[in-house]
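Trainee: I am new to this structure and would like a close look at one part of it. Please take a single strand and follow what lies around it.

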Amino acid sequence: MGERPRVFVARVLPAAGLDQVVAATEARVWDDELPPPRDELLRAVEGCDGILTLLTDRVDAELLDRAGPQLKVVSNYAVGFDNVDVDECTRRGIPVGNTPGVLTETTADLAWALLMAAARRIVEGADYVRAGRWKTWGPMLLLGPDVHGATLGIVGFGRIGQAVARRAQGFGMTILYHDPVRLPDEVTQPLGAEYAELDDLLARCDFVSLHVNLTDETRGLVDAPRLARMKPTAVLVNTARGPVVDPVALHAALRDGVIGAAALDVTDPEPIPVDDPLVSLPNCLIVPHIASATPATRGKMAEMAAANLLAGVRGERLPNPVNPEVYERP
Ligand code: DGY
């Protein structure tokens, strides 16, 4: 029997996936709560056949060089993979795996929770009670916009965007979507979603929820001119990636009443420093990138990441490759 493959796992994952990896490989698991510092990461991947990374671990040419030519797979524990230089992996014939599908509904739930919480000022209300400021019922106390019957704009109409649209249907909302690809009627009609150009969508919507991947095209997509197109009462929800929104422009827009509120699961930078001016704005609700954070979903993500890793080190096709073109090479 040959030697067991050497792998590095960049954090402790749910047992549903980690146990399989540990049983089948010579695994080193980074067991700190914080990501491995860059120099530790580079050292840890040396000589590995496979690496299992998180969105906090940058996988680039330097890391691939340090790993060495025997590296057979990069398995990312996320559906997003903007932390991985996929083109560089492809050039080297290394498949990259991700975890699509299993976190769609869970992420849409969190986007919905943020939308509702920002609209109805749930965190401000809870802080108000905790601070002992609740003295009486007030006709003007903590008013926020109605969600039901409002217009929702979904930017990025893939799996998660569509799952958010399904939730919006239950609230009788008008749904607009924007996506580089215009989706077929079979997809949009059952959801009652109408295509709109981005600037038009921003101008017409009471709520805007972002669901695009982070790419060169989407970095800074929501900038000062685009925020200025939005309604002064509009609520912006971001569960995609922080850099899709210009944070300086967002702060100015929230502070100056250009838009009504924002609710962010993702920030730029991430984690956002506690003294960042966005953190102290009462109309900016920020949670720490927890959209997929349920035990069931994180367990399924771990199983998928393990399956990608183990297939890769065995030289088999990954169940979920983001660069399937590596298999088309001679
Ligand atoms: C992802 O999977 O890309 C999320 O951001 C974390 O679950």
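Mentor: What follows starts with the whole protein, turns to strand β6 and its surroundings, and ends with some loops and a helix.

The model is a predicted one. The protein has 12 helices and 12 strands. Its C-alpha trace spans about 75 × 50 × 35 Å along the principal axes. A compact globule of 330 residues would have a radius of gyration near 20 Å, and the 22 Å of the protein agrees with that. Of the 330 residues, 50% count as buried. Among contacts with a separation of 6 or more, 60% are between residues 24 or more positions apart. The accessible surface comes to about 15,800 Å², and carbon and sulfur atoms hold 54% of it.

Now to β6, which covers residues 151-155. Five of its five residues are buried, so β6 is largely enclosed by the rest of the structure. In a regular strand, side chains alternate between the two faces of the sheet. In β6, T151, G153 and V155 point one way, while L152 and I154 point the other way. The residues on both sides are buried.

The partner to look at is β7, residues 174-178. β6 and β7 pair in the parallel sense over five bridges. Within this pair, I154 stands opposite Y177 of β7. H178 also belongs to β7. With a relative accessibility of 15%, H178 counts as buried because the limit for buried is under 20%. Neighbours within four places in sequence aside, the contacts of H178 include I154 and V155, and also G156 and F157. Others are with Y195, A196, E197, L198 and L201.

F157 shares that contact with H178. Again leaving out neighbours within four places in sequence, F157 also touches Y177 and D179, as well as Q162, A165, L183, T188, L191 and A193.

These strands take part in a wider grouping. Nonpolar side chains tend to be buried together in soluble globular proteins. The largest nonpolar core here has 33 residues, and the members that touch the most others are W112, L152, F157, M173 and F207. At least two residues each come from β6 and β7, and likewise from α5 (104-119), α7 (159-169), β8 (193-195), β10 (235-238) and β11 (261-264). The largest share, nine residues, comes from α5. Another core, of 31 residues, lies apart from this one, and its members include L236, A262, L264 and L278.

Some loops can be placed from the elements already named. R121 lies in the loop between α5 and α6 (122-130). R121 has a positive phi of about 55 degrees although it is not a glycine, and at 26% relative accessibility it counts as partly exposed. The loop between β11 and β12 (284-286) holds P269, and P271 is found there as well. The peptide bond from D268 to P269 is cis, with omega near 5 degrees. The bond from E270 to P271 is also cis, with omega near -5 degrees. Past β12, in the loop before α12, is H289, with a positive phi near 50 degrees.

Last comes helix α1, residues 15-24, whose buried residues are G17, L18 and V21. They lie on the same side of α1, because they cover an arc of only 95 degrees around the axis. Their cover includes β1 (6-9), β2 (26-29) and α12 (295-313).

Note on methods. Residues are numbered from 1 along each chain as its sequence is written. This is a predicted model: local features need pLDDT of at least 70, side-chain atom pairs count only at pLDDT 80 or more; totals for chains, interfaces and linings use all residues. Side-chain values use heavy atoms; hydrogens and water are left out. Helices (H or I, at least four residues) and strands (E, at least two) are DSSP runs, numbered from the N terminus. Buried means under 20% relative accessible area, exposed over 50%, partly exposed in between (1.4 Å probe, protein chains only). Contact means heavy atoms within 4.5 Å. The arc is that of the directions from the helix axis to the C-beta atoms. A nonpolar core is a set of buried Ala, Val, Leu, Ile, Met, Phe, Trp, Tyr and Cys residues joined through side-chain atoms within 4.5 Å. The radius of gyration is taken over C-alpha atoms; the globule rule is 2.2 Å times the number of residues to the power 0.38. Accessible areas come from the Shrake-Rupley method with a 1.4 Å probe; for residues, only the protein chains shown count as cover. Two strands pair if DSSP finds at least two bridges between them.
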